[in-house]
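Visitor: Can you walk me through this one? I would like the basics, then the details.

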Amino acid sequence: MNSKQQKPDKAYIWVNIDFDKVKHRIDAVTCQIERVIQKHQISNQTVNLGRKNN
């Protein structure tokens, strides 16, 4: 037997994914991100309003 066997260039891994669960998780994370952005925008607006009044 040849002790220096060549390794294949690529390895393929088959994974079973429940796409419904993945989509649900992505939607949940997206919703959280949108909430953070909205809070950030609101806080920026109140800061800007305070600066304009001074």
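Guide: We go from the overall fold to a salt bridge and then to a surface patch. This is a predicted model, where local features need pLDDT of at least 70, side-chain atom pairs count only at pLDDT 80 or more, and totals for chains, interfaces and linings use all residues. Residues are numbered from 1 along each chain as its sequence is written, and side-chain values use heavy atoms, with hydrogens and water left out.

Visitor: How many helices and strands?
Guide: The protein has 1 helix and 0 strands, taken as DSSP runs (helices H or I, at least four residues; strands E, at least two) numbered from the N terminus.

Visitor: What share of the residues is buried?
Guide: 0% of the 54 residues; buried means under 20% relative accessible area, exposed over 50%, and partly exposed in between (1.4 Å probe, protein chains only).

Visitor: Which residues form the salt bridge?
Guide: D27 and K23, with their closest N and O atoms 3.0 Å apart. A salt bridge here is a side-chain nitrogen of Lys or Arg within 4 Å of a carboxyl oxygen of Asp or Glu. The two are about one helical turn apart because they sit 4 residues apart in helix α1.

Visitor: Is K23 buried or exposed?
Guide: K23 is exposed, at 52% relative accessibility, while D27 is partly exposed at 40%.

Visitor: New topic: where is I13?
Guide: I13 lies in the segment before α1 (19-53), and it counts as exposed at 73% relative accessibility.
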